[in-house]
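Biologist: Could you take me through one part of this model slowly? I'm new to this, so plain words please.

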Amino acid sequence: MPAYPAPDLVRLYRALRLIRRSEEEIARIYPTDKIKSPVHLSIGQEAVSVGVCDALRADDFVSPTYRCHAAYLAKGGDLKAMFAELYGKASGCARGRGGSMHMIGLDHNIIGASAVVGTTVPVALGYALALKREGKGRVVALFLGDGATEEGVFYESLNFASLHRLPALFVCENNFYAIHAPLAKRWATARLCERVATFGIPAHMIPQSDVLEIRSKAAECLEAIRAGAGPAFLECHTYRWREHVGPGEDYDFGYRNRDELRPWQDKDAVSTLGASLDPGERARVDAAVEAEIAAAIEAAEQAEWPDTRELHNYVYAD
Amino acid sequence: MSMPTDGGRLLRYVDALREGIAQEMERDPRVFLFGLDVDDHKGIQGSTLGLLDQFGPERVFGTPMSEDAMTGVAIGAAMAGLRPIHVHIRMDFLLLCMNQLINIAAKAHSMYGGAVRVPLVVRSMIGKSWGQGAQHSQALYSMFMHVPGLKVVAPSNANDAKGCMIAAIRDDNPVIFVEHRLLYPTQAVVPESSYTVEFGRARVCARGKDITLVGVSNMVVECLRARELLLDAGIEAEVIDPISLAPLDSTTVLESALRTRRLLVADNTWTNCGASAEILARVAESGGVEAGVRMARIGFAATTCPPSPPLENEFYPNPAKIASAAYALVRGNNDDWAPDPERAALSYQLQFRGPF
């Protein structure tokens with residue numbers, strides 16, 4: 001793994017911190033009912049989105065899951081447009097028509113997210129097909145969860161991506177739970193990378209959620225993909241700190257416990273990378289992030305509602 | 001039926017489809033065609049034959065048997081700026097595509113606030129012939145009519161087939177393109193030049209004063225034959241082809257029904273929650289009830305399609321059944337008129353020979 005110079009580390013930390021604090025603010029606001037859209041928070045999982053998206057070029061695409069805030073922000077998505085979307089305001093990234101599970105930001109090549117697990121996997125490959133034909137070496141990084149690997153469409157997609165050598169980086173965020181169902185109740189074996197490799201797709205597991213390792217491995221895969229090698233697959237182990245949907249924690253309901261959380265908190269990317277920075281530098285980043293989030297929330301609070309006459313807009317494209 | 005005649009010549013429906021696709025692929029390099037077996041020696045009953053040679057394997061290619069993922073790929077490619085035509089040899093197989101079509105294709109433009117468009121054509125065949133059985137006979141277009149964001153078109157003749165295909169390819173929305181396989185060999189005058197047939201505008205195929213018959217897809221042909229049978233009983237039927245089911249031009253149907261005071265919708269599928277139900281509902285709530293329009297519909301028997309010939313014959317509507325139902329609407333059920341069975345058969349169906 002290459003040594004990362006300080007500016008790179010600051011950039012990565014800033015992205016991690018922005019996502020963490022944005023979602024903590026969402027969790028703070030959520031009980032007020034100002035955000036009337038079910039939120040699936042990535043708190044604890046930020047390293048995957050940040051590591052992968054930092055390795056992408058600005059003209060590459062990312063396809064987030066329904067737990068989409070992290071990938072959206074990591075790819076450079078507009079924070080004000082995200083908060084406005086959560087509030088259902090007209091200035092939202094989907095004009096208040098999408099909500100938390102359908103963030104989109106095509107000005108930063110962020111493909112729209114979907115609430116139906118696995119559904120965006122082949123859609124992202126459609127973008128990859130178009131990029132392959134374009135021939136400019138652009139790539140789609142498509143995110144999916146461990147649950148999505150149980151959908152039939154996942155295997156159909158792996159096969160097609162490999163058959164057509166599509167420029168796609170599959171990124172599986174394996175947080176070990178599909179809603180509340182653990183892997184042991186869902187997977188006959190945990191050998192996901194082996195399953196994927198049988199399609200002729202190089203597959204790598206990254207178990208420790210180290211943001212630098214994720215970034216390095218993603219960069220290595222992207223280089224091969226751009227050279228025409230076809231798709232690659234990353235299985236990134238990670239852990240969802242909050243409940244599946246909503247702002248709270250859920251360690252007291254019997255399906256998991258806090259002992260499972262602790263090792264993930266110990267290696268938390270936001271804390272560990274932050275601690276490695278110069279304290280003054282870190283403080284400046286933190287202050288800037290706080291100001292940016294505060295401004296985005298204030299803008300969302302003040303923004304206009306969509307006009308009710310807009311209800312029937314966008315049913316069909318003209 | 002109004003048919004442009006400049007450069008027109010008799011062309012089969014199947015060839016008109018292919019010609020429309022080829023002309024659009026020639027005109028627009030973003031258009032591509034894919035689906036299981038579009039590039040094989042049969043070429044979807046001839047509707048895609050020759051396109052591989054003309055446009056090459058990057059724009060005409062077969063797929064794995066992965067309808068779900070392939071639909072997603074089509075949608076993503078469409079969002080990314082290409083214009084895919086995704087072909088299925090049976091509409092029954094669209095059930096494997098429903099998540100993508102309904103959750104993404106239909107909704108993307110709306111749920112992403114207009115940020116993306118999905119210019120996608122989904123071709124599939126419907127229809128009888130002998131022995132199609134339970135899972136090769138279904139015409140499931142009403143499921144798509146139900147969902148805002150999708151367009152559904154079911155042309156009944158070669159001229160409309162070409163014009164609707166070109167319109168569908170140029171449309172920036174997902175279009176479910178429904179082709180009745182018994183229409184494939186039927187001929188109509190088709191211009192050689194490129195043209196579009198507008199969606200949402202029904203066509204009055206034949207004028208009449210006593211009853212309005214609305215036929216969907218192949219049922220237009222069967223309604224026209226029923227019209228001839230009804231003339232023997234002194235009944236003049238008006239025949240309307242909606243052409244597109246979403247958008248649906250119910251105004252033309254309403255205007256006709258208010259004049260004839262009787263309306264019979266003949267559909268290629270079950271009547272429950274179907275296109276026939278929608279057409280009658282719109283007429284009923286737009287003045288048809290107040291005007292005293294008598295309404296009825298006819299479609300598949302409310303059961304699963306069997307391949308055994310006598311059961312299959314009973315299952316499907318046909319011109320004689322349509323004529324009898326129309327007669328009952330006009331004259332009441334008091335006498336048991338039935339059309340001449342010799343004249344009731346459709347000539348092109350008599351020509352059909354297996355094996356399929």
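Biologist: Let's look closely at α5(A) and α6(A): is their crossing left-handed or right-handed?

Modeller: Keep in mind that this is a predicted model. The crossing of α5(A) and α6(A) is left-handed. To find the pair, look in chain A for helix α5 at residues 120-134 and helix α6 at residues 152-163. Two numbers help here: packed helices are described by the angle between their axes and the distance between those axes. For this pair, the angle is about 20 degrees and the axes sit 9 Å apart. Angles under 35 degrees count as roughly parallel, so α5(A) and α6(A) are roughly parallel to each other.

Now for the residues that do the touching. On the α5(A) side you'll find A:V121, A:P122 and A:L125. Across from them, α6(A) brings in A:V153, A:F154, A:S157, A:F160 and A:A161. Sort this contact by class and you get seven nonpolar residues, one polar and no charged ones.

These two helices also turn up where the chains meet. There, 32 residues of chain A are in contact with 33 residues of chain B. Both α5 and α6 of chain A supply at least two residues each to the side of chain A that touches chain B. The largest share of that side comes from α5(A), with 10 residues. As for its classes, the side of chain A facing that contact has 19 nonpolar, nine polar and four charged residues. So if you're scrolling through the picture, α5(A) is a handy place to pause: α5(A) packs with α6(A), and α5(A) also gives the largest share of chain A's side of the contact with chain B.

Methods
Residues numbered from 1 in each chain as written. Chains lettered and ligands numbered in written order. Predicted model: local features only at pLDDT ≥ 70, side-chain atom pairs only at ≥ 80, totals over all residues. Axes fitted to C-alpha atoms, helices over the stretch in contact; angles between N-to-C directions. Helix = DSSP H or I, 4+ residues; strand = E, 2+ residues; numbered from the N terminus. Parallel < 35°, antiparallel > 145°, perpendicular 65-115°, else oblique. Left-handed = near helix turned anticlockwise from the far one by under 90°. Contact = placed C-beta atoms within 7 Å. Nonpolar A, V, L, I, M, F, W, Y, C, P; charged D, E, K, R; others polar.
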